[in-house]
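The following exercises concern empty space in a protein and the place of a ligand within it. Please examine the structure before reading the solutions.

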Amino acid sequence: MPDTHTKTAIVTGASRGIGAEIAKALAGDGFAVVVNYAHSADKAEALVGEIEAKGGRAVALRADLAAPDGAKALFDGAEAAFGSVDILVNNAGIMQLAPIAETGDAMLDAHLATNLAGPFRTMREAAKRLKDGGRIINFSSSVVGLYQPTYGAYVATKAAIEALTKVLAKELGPRGITVNAVAPGPVATELFLSDKSEELVARIAGMNPFGRLGEPVDIARVVRFLASEDSGWINAQTIRVNGGMV
Ligand code: NDP
C-alpha cells in the first residue's frame, strides 16, 4: 500500500557522485527517496541500504533516461512505491570532452539523449504528475558562462537546461511549483576526474578562490535548500555553486 503522507523526491542518477549525496541529504530531511540509476544497480541498492539503516525510506529504480520511455517508467515506479511525487532532482548526466571538429555523431547524440532529452522528458512527466507546491531542481554546469574549448556537446545541453528551467517555471508557477537549476563548478566525482591528469585536475581546482575542487556535499546542501519550504520565493533561477569560479 503506497504511503501518501511522506513527501517523495526522485533523484535521477543517484547511484553515485553528486546524486548519491543528494539522495542521502533528502532522506535525512524526511523525504522518501527514489534512487534512480541506469547501470550501477549494486551501488544504488547499497545506497538504499545505507539510507534505511539510518531510518530513512528509499527505493532503487532502474530507468535509462536516455531512452524515450525512461522518464515515464521512472514516475510510474515512483508512484507505485510511494503514491505521489513532490520533488524532481534532474541530476543524471554524462560529460565527454572533444573539440567540436572532433565530436562525432555518437558523442553528440549521447549528450543530447542523456543531458537534454532525458531531463526534458522527466520535466514533462513532472509537469503532469508533480503535486502542487512541489519543486523541480535541474542540473546545469558552471561551464555555461566559461565556454571553454572541448566542452561543445556538453555545454550545449546545459545551456538548454537553463533555458528550459525558465520556461517551465513560468508554466508551473500558478500551481506553486518552483523550477530552479544548480550549476556546479568542478566536483570530485567520476564524471569530472575520469581521463584527467593530476596536473590538469590541480590546474582546474585552482580556478576558484578556494583553490579546491567541490565535493558532492557542497552541491547537495544547495539542492537540499531548494527542495525545502524555505526556498519558496526562489524561482526560475540558476545558482552557480562553484566557490567563486568566474
Ligand atoms: P557521475 O558520473 O559521478 O554520476 C552520474 C550519475 O548519472 C550516475 O548515477 C549514473 O548512473 C547516472 N546516469 C548516467 N546516465 C544515465 C541515464 N541514461 N539514465 C539514468 N541515469 C544515468 O556524475 P556527477 O555526480 O559528477 O554529475 C551529476 C550532475 O552534475 C550531472 O548532470 C553533471 O553534468 C553535473 N555537473 C557535474 C560537475 C562535476 O564536476 N562533477 C560539474 C557541473 C555539473 P549509472 O552509474 O547507473 O549509469
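The exercises below treat the ligand, the pockets and the cavities of this predicted model in turn.

**Exercise 1. The surroundings of the ligand**

Determine which residues come nearest to the ligand, and how the shell around the ligand divides by class.

Solution.
Step 1. A residue is counted as near if one of its heavy atoms lies within 4 Å of the ligand. There are 32 residues around the ligand, and Ser15, His39, Ser40, Tyr154 and Thr189 come nearest.
Step 2. Sorted by class, the shell holds 15 nonpolar, 13 polar and four charged residues.

**Exercise 2. Backbone atoms and cover**

Find the distances between the ligand and backbone N or O atoms of isoleucine 18, leucine 65 and valine 187. Then state how much of the ligand's accessible area the protein covers.

Solution.
Step 1. For isoleucine 18, a backbone N or O atom is 2.8 Å from an oxygen atom of the ligand.
Step 2. Valine 187 likewise places a backbone N or O atom 2.8 Å from an oxygen atom of the ligand.
Step 3. For leucine 65, the partner is a nitrogen atom of the ligand, at 3.0 Å from a backbone N or O atom.
Step 4. On its own, the ligand has 900 Å² of accessible area, of which the protein covers 96%.

**Exercise 3. The pocket of the ligand**

Identify the pocket in which the ligand sits, and describe the lining of that pocket.

Solution.
Step 1. The ligand takes up the space of the largest pocket.
Step 2. Two or more residues of the shell around the ligand come from each of helix H1 (17-28), strand E2 (32-37), helix H6 (152-172) and helix H7 (190-193). H7 gives the most to this shell, with three residues.
Step 3. The volume of the largest pocket is about 1200 Å³. Its lining consists of 50 residues, and Gly93, Ile94, Met95, Thr189 and Leu191 are the closest to its centre.
Step 4. Elements that supply at least two residues to this lining include helix H4 (105-129), helix H5 (143-146) and helix H8 (198-205).
Step 5. By class, the lining of the largest pocket comprises 24 nonpolar, 19 polar and seven charged residues.

**Exercise 4. The second largest pocket**

What volume does the second largest pocket have, and which residues lie nearest its centre?

Solution.
Step 1. The second largest pocket has a volume of about 180 Å³.
Step 2. Of the 13 residues that line it, Arg212, Gly214, Asp218, Asn242 and Gly243 lie nearest its centre.
Step 3. The lining contains six nonpolar, five polar and two charged residues.

**Exercise 5. The cavities**

How many cavities of 30 Å³ or more does a search of the whole structure find, and which residues line the largest cavity?

Solution.
Step 1. Rolling a probe the size of a water molecule over the atoms shows where empty space is left.
Step 2. The search finds two cavities of 30 Å³ or more.
Step 3. The largest cavity holds about 40 Å³ of space, and Asn90, Ala92, Asn115, Pro119, Asn138, Phe139, Lys158 and Ile161 line it. H4, strand E5 (130-139) and H6 each give two or more residues to this lining, which has four nonpolar, three polar and one charged residue.
Step 4. The second largest cavity holds about 30 Å³. Its lining is formed by Thr12, Leu65, Asn90, Ala92, Thr114, Gly118, Pro119 and Thr122. H4 gives the most to this lining, with four residues.
Step 5. By class, the lining of the second largest cavity has three nonpolar, five polar and no charged residues.

Conventions: Residues numbered from 1 in each chain as written. Predicted model: local features only at pLDDT ≥ 70, side-chain atom pairs only at ≥ 80, totals over all residues. Heavy atoms only, no water. Polar contact = N/O pair within 3.5 Å; in protein donor to acceptor, adjacent residues only side chain to side chain. Areas by Shrake-Rupley, 256 points an atom, 1.4 Å probe, with all protein chains shown as cover. 1 Å grid on protein atoms, 1.4 Å probe; cavity = no way out; pocket = protein on both sides within 12 Å on 5 of 7 lines; lining within 4 Å. Sits in = over half its atoms within 2 Å of the grid points. Nonpolar A, V, L, I, M, F, W, Y, C, P; charged D, E, K, R; others polar. Points joined across faces, edges and corners; volume = space filled by probe spheres on them.
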